[in-house]
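Please look through the structure below with its sequence at hand. The paragraphs that follow go from the overall layout to the core and then to single residues.

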Amino acid sequence: MKHITLFLFLLLTRTVIIAQTDTAIEGRIFHLGAPLEGATIKIENTKRGTVSDSTGQYIFEGLPDGTYRLLVSRLGFVSQLKVVQVAGQQDIRLDFNMEEEEGGLGRSGDYRYDERSE
């Protein structure tokens, strides 16, 4: 019984330590101050991506320390790229204010770049 208790304690402690070393990047996508649903948010050079919900909210959890390039796109809007530095187990809030594409439809390769370090 002692071995099982010790095993469970070590397993839970390890889980807590692992959880504490990862960070989240979260934020909202807006257009003219209103939430923008359906925007695609990708972390470049990874397979991670998500879509903003009805409140414009998105989140990436479990990110180790490092530099991340987030690309936000949606049809009819100019894509945006922001660079953020994640360090020290502190969650990052990164909002995007999207601008409509002239002519109404976004073209592949058009984007606005903004570098930001947290």
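Strands here are DSSP runs of E with at least two residues, and helices are runs of H or I with at least four; both are numbered from the N terminus. By that definition, Leu32 falls in the loop between β1 and β2, the latter being residues 34-35. The model is a predicted one.

The overall layout comes before the details. The protein has one helix and 10 strands. Read from the N terminus, the order of elements is α-β-β-β-β-β-β-β-β-β-β, with the helix ahead of the strands. The protein has 118 residues, and 30% of them are buried. Its accessible surface is about 7,700 Å², and carbon and sulfur atoms make up 54% of that area. Among contacts with a separation of 6 or more, 57% join residues 24 or more positions apart.

Which residues of the largest nonpolar core touch the most other members? They are Ile25, Ile29, Tyr58, Tyr68, Leu70 and Phe96, out of 19 residues in that core. Two or more core residues come from each of the strands β1 (23-31), β3 (40-43), β5 (57-63), β6 (66-73) and β7 (79-86). Leu70 shows how such a core residue is surrounded. Leaving aside residues up to four places away in sequence, Leu70 touches Ile25, Ile41, Lys42, Ile43, Tyr58, Phe60, Gln80, Leu81, Lys82, Val84, Leu94 and Phe96. That list includes Ile25, Tyr58 and Phe96, which are also among the core residues that touch the most other members.

The aromatic rings deserve a separate look. The structure holds two aromatic pairs. One of them joins Tyr58 and Phe96 in a tilted arrangement, with 6.4 Å between the centres and 55° between the planes. Tyr58 belongs to strand β5 and Phe96 to strand β9 (residues 96-97), so this pair ties together parts that are 38 residues apart in sequence. Are these two residues buried or exposed? The cut-off for buried is under 20% relative accessible area. Tyr58 has 2% relative accessibility and therefore counts as buried. Phe96 is buried as well, because its relative accessibility is 0%. Ring pairs link Tyr58, Phe96 and Phe60 into a cluster. Phe96 also has a charge over its ring: the charged end of Lys82 sits there, 4.6 Å from the ring centre. Both Lys82 and Phe96 appear among the residues that Leu70 touches.

His31 lies in strand β1. With a relative accessibility of 16%, His31 counts as buried. A polar atom of the His31 side chain is 3.2 Å from the backbone oxygen of Met98. Met98 is also one of the residues that His31 touches, together with Leu36, Phe77 and Glu100, when residues up to four places away in sequence are not counted.

The next stop is the backbone. Most residues other than glycine have a negative phi. Leu32 has a positive phi of about 55° although it is not a glycine. The relative accessible area of Leu32 is 77%, so this loop residue is exposed. Asn45 is another residue other than glycine with a positive phi, in this case near 65°. Asn45 is found in the loop between β3 and β4 (49-51). Its relative accessibility is 79%, so Asn45 counts as exposed.

Two further positions relate parts of the chain that are apart in sequence. Gly49 is in strand β4 and counts as partly exposed, at 47% relative accessibility. The C-alpha atoms of Gly49 and Ile59 are separated by 9.4 Å, and the two residues are 10 residues apart along the chain. Apart from residues up to four places away in sequence, Gly49 touches Ile41, Lys42 and Phe60. Phe60 is also a member of the ring cluster with Tyr58 and Phe96.

Where is Leu75? Leu75 lies in the loop between β6 and β7, and its 63% relative accessibility makes it exposed. Between the C-alpha atoms of Leu75 and Glu101 there are 8.6 Å, with 26 residues separating the two along the chain.

Definitions and conventions:
Residues numbered from 1 in each chain as written. Predicted model: local features only at pLDDT ≥ 70, side-chain atom pairs only at ≥ 80, totals over all residues. Heavy atoms only, no water. Core = buried A, V, L, I, M, F, W, Y, C linked by side-chain atoms within 4.5 Å. Buried < 20%, exposed > 50% of the residue type's maximum accessible area, 1.4 Å probe, protein only. Contact = heavy atoms within 4.5 Å. Areas by Shrake-Rupley, 256 points an atom, 1.4 Å probe, with all protein chains shown as cover. Phe/Tyr/Trp six-rings, centres within 6.5 Å; stacked < 30°, edge-to-face > 60°. Lys NZ or Arg CZ within 6 Å of the ring centre and 35° of its normal. Polar contact = N/O pair within 3.5 Å; in protein donor to acceptor, adjacent residues only side chain to side chain.
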